[in-house]
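Work through the exercises below with the sequence and the 3D structure at hand. Try each task before reading its solution.

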Amino acid sequence: MSGRIGVVGAGILGLAVARELALRGASVTVLDKEDRVAAHQTGRNSGVVHAGVYYAPGSLKARLCRDGVALLREYCAEHHIPYEEVGKLVVAATLAERPGLRRIAERARENGVPGIAELDGLALRDVEPNAVGVGAVHSPHTAVVDFAAVARRLALDVETLGGSVCLGHPVHGVRQTPDGVEVRAGTARFVFDRLVCCAGLGSDAVAAMAGRPGDVRIVPFRGEYYKLAGTARDLVRGLVYPVPDPRYPFLGVHLTRRVDGEVLAGPNAVLALAREGYTWTRVSPRDLWEIAAWPGTRRMAARHWRTGAAEVYGSLAKEVFARGVRRYVPAITAADLVRAGGGVRAQAVARDGGLVDDFVLDVHGRIVLVRNAPSPGATSSLAIARHIMAFISS
């Protein structure tokens, strides 16, 4: 593959795309406004390599997640990046959640997730001795990794293959011409044959510059984390998740043992007050106006305001957050929880207020726009990069 190709976004997905292009012989330039790679979603998540347990069979998410796991595991082994299969328990806390748990097991098997086992309330404690529930689905090969470390290695690969990673280059202009795509970034002007936009929280802005605002918009949801302090870390061996609410693409507050040995509790999901609103005090009137002006935001809020209010309450009241954690591991107290920052999920919302669940790509002339790549986007990044190549070469 020859030609000059630009990639907007130095998160794990943009860098995976850039590496794939460079491997295929393209001259690649990555543009990002930050001074480091993985500054946003890639570097602010819990590090779970999802096995493909939840996703609708046949969906792009299901297929690319399974492919992505295999590629990521191999890549980490090749570059000596820690990758640990700590296993995941999806726990039903009540009998009413058993049908949902059964559906998860069926989906996981349809998606080819290896080693799936359905456990009763006693057997789940063989996996997680401090967890409680009426049943669980065990995914023993669900893993954890440092996605920021993977992104840094991908950036090194791009440069080793002759590409460029231009940090501190905010994109503020995109224009298609008969011969290519002109991009203004920072104080520089670039001309590419093709452009791939993996801008995450900034994808709406880049799409608008390219003349393709589209029928979905990014609505930012902040996910807040606590970590377990001291010996409380020993209460969790791997990953402990609730049965998710099928109405939402979020998985609910859960417990995650990371590769560094820390155990995270979270995230919740509250509407952020800025596209990069990592705290309650980070507020952007301009972002809020743009988010509120989208009809889908208002329709989503009208449909789900009760759930949203409950999430806000849990965000502001530590004991409420702790109560959600204790539902699965009763020995954890509010005193065991220490604030550990958070991330912002770039969630695509349709005009009718629906939360877009699957990956969404859009081709506009010489530009490929990644409209929606939420979890398991990081897990699937190497597979998504290969999938995008079909759009580049067509």
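The exercises that follow concern a predicted model.

**Exercise 1. Strand β1**

Task: Decide whether strand β1 (residues 4–8) is largely enclosed or not, and find how it pairs with strand β2.

Solution:
- Step 1. Buried means under 20% relative accessible area.
- Step 2. In β1, 4 of the 5 residues are buried, so the strand is largely enclosed by the rest of the structure.
- Step 3. The pairing of β1 with β2 (residues 27–31) is parallel and runs over 5 bridges.
- Step 4. Within β2, the residue opposite R4 is S27.

**Exercise 2. Two salt bridges with a buried partner**

Task: For the salt bridge of R24 and E20, state whether each residue is buried, partly exposed or exposed. Do likewise for E182 and R189.

Solution:
- Step 1. Side chains of opposite charge can pair when their charged atoms come close.
- Step 2. In the bridge between R24 and E20, the closest N and O atoms are 3.0 Å apart.
- Step 3. E20 has 7% relative accessibility, so E20 is buried. R24 is partly exposed because its relative accessible area is 37%.
- Step 4. In the bridge between E182 and R189, the closest N and O atoms are 3.1 Å apart.
- Step 5. E182 is buried at 14% relative accessibility, whereas R189 is exposed at 55%.

**Exercise 3. A further pair and a network**

Task: Classify D260 and R258 by relative accessibility, then name the residues joined in a salt-bridge network.

Solution:
- Step 1. The closest N and O atoms of the D260 and R258 salt bridge are 2.5 Å apart.
- Step 2. D260 has 48% relative accessibility, so D260 counts as partly exposed. R258, with 26%, also counts as partly exposed.
- Step 3. K33, E34, E276 and R282 form one network through salt bridges that share partners.
- Step 4. In total, the structure holds 23 salt bridges.

**Exercise 4. A charged patch**

Task: Which residues gather in a patch of positive charge on the surface?

Solution:
- Step 1. The patch consists of R98, R102, R103 and R107.
- Step 2. One of these residues, R103, is placed in helix α3 (residues 98–110).

**Exercise 5. The proline P295**

Task: Is P295 buried or exposed, and which helix holds P295?

Solution:
- Step 1. P295 belongs to helix α8 (residues 295–316).
- Step 2. The relative accessible area of P295 is 19%, so P295 is buried.
- Step 3. P295 and S46 are 249 residues apart along the chain, and their C-alpha atoms are separated by 31 Å.

Methods: Residues are numbered from 1 along each chain as its sequence is written. This is a predicted model: local features need pLDDT of at least 70, side-chain atom pairs count only at pLDDT 80 or more; totals for chains, interfaces and linings use all residues. Side-chain values use heavy atoms; hydrogens and water are left out. Patches are made of residues with over 30% relative accessible area and no salt bridge: like charges are joined within 9 Å, nonpolar side chains (Val, Leu, Ile, Met, Phe, Trp, Tyr) within 5 Å. Accessible areas come from the Shrake-Rupley method with a 1.4 Å probe; for residues, only the protein chains shown count as cover. A salt bridge is a side-chain nitrogen of Lys or Arg within 4 Å of a carboxyl oxygen of Asp or Glu. Lys and Arg count as positive and Asp and Glu as negative; His and the chain ends are not counted. The place of a charge is taken as NZ of Lys, CZ of Arg, CG of Asp or CD of Glu. Helices (H or I, at least four residues) and strands (E, at least two) are DSSP runs, numbered from the N terminus. Buried means under 20% relative accessible area, exposed over 50%, partly exposed in between (1.4 Å probe, protein chains only). Two strands pair if DSSP finds at least two bridges between them.
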